[in-house]
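Thank you for sending this entry; my remarks are set out below as numbered points. Please read them with the coordinates open.

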Amino acid sequence: MSEKTSKRLNSNVTAINSRQPNKRKKALIYLALAGGGVPALGFEVGGLCALERILNPETKPVSNLNSILTGYQGVSAGAIVSTLMALGFPPHVIRDVMLEQSAAFPSLTRGALGTQPMMYLTLVEQLSRGVLRTVSSVVNGLLNLDLPMIWLPGKNTKLSFSDLRMLARLVRYGAFEQANVNNVIHNVLDTIKGGLYTPAGIGHYIKEVIQEFSPFEDNFNSLTKELYLYAAELNSSQVRVFATHGEHLPYELVNVPISKCVEISCAIPVFFKPVYLPETGKYYTDGGVIKSLHLQNLIDRINYVRPSYKVPAIILTFFPFVPPVFPSGSDYTKLSVLEMLSLSLKMTYLEKFNTALRSYRHEEENNIYIQIFKPSRHSKTARTHPLQDINTQQIAQLNYEGEVSVYRSFLNDYDRLKKVFHQADIEIAPREEIAVLLKACRKYYGLKGISSDDSNIENPNVEPLAKKAKN
C-alpha cells in the first residue's frame, strides 16, 4: 500500500472514530454479529450498509455507522466483520472489497479461509491413511488366522466343496471383515484428526489487514472502540471472551493478538481443526458451539458501564442461521453430507437463539432494546453451507438479502423503532425514503430477473438445496 493511501486511510479512520457528538455519550449502541460462514459475511455486510443509509440520514454522505456505535462483538464469521469495523472500515468499504470494487484491504479469498490447494493435499493424505489402515487390518487378520483341521491325516486330502466353502467363510470372517464398506468409511473418517481444514489462513489474513491497512496494532489495547470475540474452550467446555474491556467478566483477560482471536472464533467444528493458544495452554473452537450470539455479555457490559437504567442502550444483531424451507415431498437423502450437516447446525443454533431471546424479553424494562435482523427462510443465506464457493455475483445477492432484511424490518415496525432510536438521540430516515431504498436495492446490485420480495429470490448460478432435495 502506498504512503499516500495509508495516510488517507488513517485520517478517515481517525475522523470516523472521533465524530461522536456529545449527545451520543449517554446512549450505548452495540453491534452483535453471529456466524454462518461465507454466506453470513455477505448477508451481514449488506444489512450494515442498509443501516448506514437509515440511521442519521442528515449526515450524508453515508459512512458514519462506526461513529454511532459504542462497540462490536462477533462470533465465527461475525468476528471477521466486527473486527474489520472495529479497525475503522465502514460497511460499504467492506462490501466493495467483497465485490472486488475496492482495494482498501485484501479480498477475503478461499486461501484466507484455510481451504487453499495445499490443504487438499493434506486431505488426500488423510484419506490415504484410512485406506492403508483397512489394508493393514486385513493383512494382520490373514497372518493371525487360526485355521482348524478340516480333514484327518492319512485320509484323502482332496477338499470337498463344503470344505472349501467353510474355508472361504473362515478366511472372510477372520481377515476380511474389516474390509466391508462401513469399516472402510469409518477408518477413513477416523484418520481425519481435528477437522478437514486449518483456520490459520483467517488469522494470517486479519494480521495482514491490521499491519498493512489500518492504523492499529494487533492487540485489543490499541483499539479506540470496544470489541468482544467469542470462542469455545475445549479444555473446560466454557465460553471464552477475548476483548478490549473485561471489568465485568469473572476472569482476567489474556493479552492475545486480535488476529489469533478471530482465527479461534472461526474454527467451525468438523470443517476446521481446533486452535491451540500458547498464552492459555488450551484449545479452542467456534464460539457458536455453546451460544449463538452471546448477548448476555453485552447486557452485563451495558449494566456495568452505564450510570443508571435511565440511559438507553440498543443492541443491533444479525442472525443468519435460518433453516431453509423444502417443498412438500422432498427427498432429504439427496442432500450432500455437508448440506445435511449445515442444515442440522442451523436448526440447533436457531433453537438456542430462540430460547435465549425468550429470556431477554424483560430487558426492555431495563431500557435495553435488542433489534434482530435475519433472512427469509427462502433466501440463499438459508440454503448454503458455511464453506460453499461463492462468486461476486452471489455475494451481491447476499448483500441484497441483508439490505432487504433491514429495510423490511424498519418498514414493518417503523413507529416502534423510530421511538427506540429517538431515545438514543438518533433519527431514522422517513418511511417513504426507506421504501424507495427497498425498491432501488435490487437495481443497485445489478441483479436481474429477481423479485424485490426476498421470499422469492432466485439465482440461476446457484442450485438451491430445495431443488436438489426435490430431485
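The points that follow take up aromatic pairs, a helix contact, a charge over a ring and two backbone angles.

1. The model is a predicted one, and the remarks below should be read with that in mind. Across the whole structure, a search returns nine aromatic pairs. In one of these, formed by F43 and F318, the ring centres lie 6.3 Å apart and the planes stand at 80 degrees, so the arrangement is edge-to-face. Since F43 belongs to helix α2 (residues 37-54) and F318 to strand β9 (residues 313-318), this pair ties together parts that are 275 residues apart in sequence.

2. F318 also takes part in an aromatic pair with F373, and this one is tilted, with 5.1 Å from centre to centre and 35 degrees between the planes. Here strand β9, which holds F318, is tied to strand β10 (residues 368-373), which holds F373, and the parts so joined are 55 residues apart in sequence.

3. As to solvent exposure, F43 is buried at 0% relative accessibility, F318 is buried at 0% relative accessibility, and F373 is likewise buried, with a relative accessible area of 0%. Ring pairs link F43, F318 and F373 with F410 and F421 into a cluster.

4. F410 and F421 appear again where helices meet, being among the residues through which α13 and α14 make contact. The axes of helix α13 (residues 392-412) and helix α14 (residues 414-423) come within 5 Å and cross at roughly 95 degrees, which means that α13 is roughly perpendicular to α14. On the α13 side the contact is made by S409, F410, L411 and N412, and on the α14 side by Y414, L417 and F421. Sorted by class, the contact of α13 with α14 comprises five nonpolar and two polar residues, with no charged residues.

5. A charge placed against an aromatic ring also deserves a look: the charged end of R53 sits over the ring of Y444, at 5.1 Å from its centre.

6. Two backbone angles should be inspected. S237, although not a glycine, has a positive phi of about 60 degrees, and its place is in the loop between β4 (226-233) and β5 (238-243). H294, also not a glycine, has a positive phi of about 60 degrees and lies in the loop between β8 (282-286) and α11 (295-305). Is each of these residues buried or exposed? S237 is exposed, with a relative accessible area of 57%, whereas H294 is buried, with a relative accessible area of 5%.

Methods:
Residues numbered from 1 in each chain as written. Predicted model: local features only at pLDDT ≥ 70, side-chain atom pairs only at ≥ 80, totals over all residues. Heavy atoms only, no water. Helix = DSSP H or I, 4+ residues; strand = E, 2+ residues; numbered from the N terminus. Buried < 20%, exposed > 50% of the residue type's maximum accessible area, 1.4 Å probe, protein only. Axes fitted to C-alpha atoms, helices over the stretch in contact; angles between N-to-C directions. Parallel < 35°, antiparallel > 145°, perpendicular 65-115°, else oblique. Contact = heavy atoms within 4.5 Å. Nonpolar A, V, L, I, M, F, W, Y, C, P; charged D, E, K, R; others polar. Phe/Tyr/Trp six-rings, centres within 6.5 Å; stacked < 30°, edge-to-face > 60°. Lys NZ or Arg CZ within 6 Å of the ring centre and 35° of its normal.
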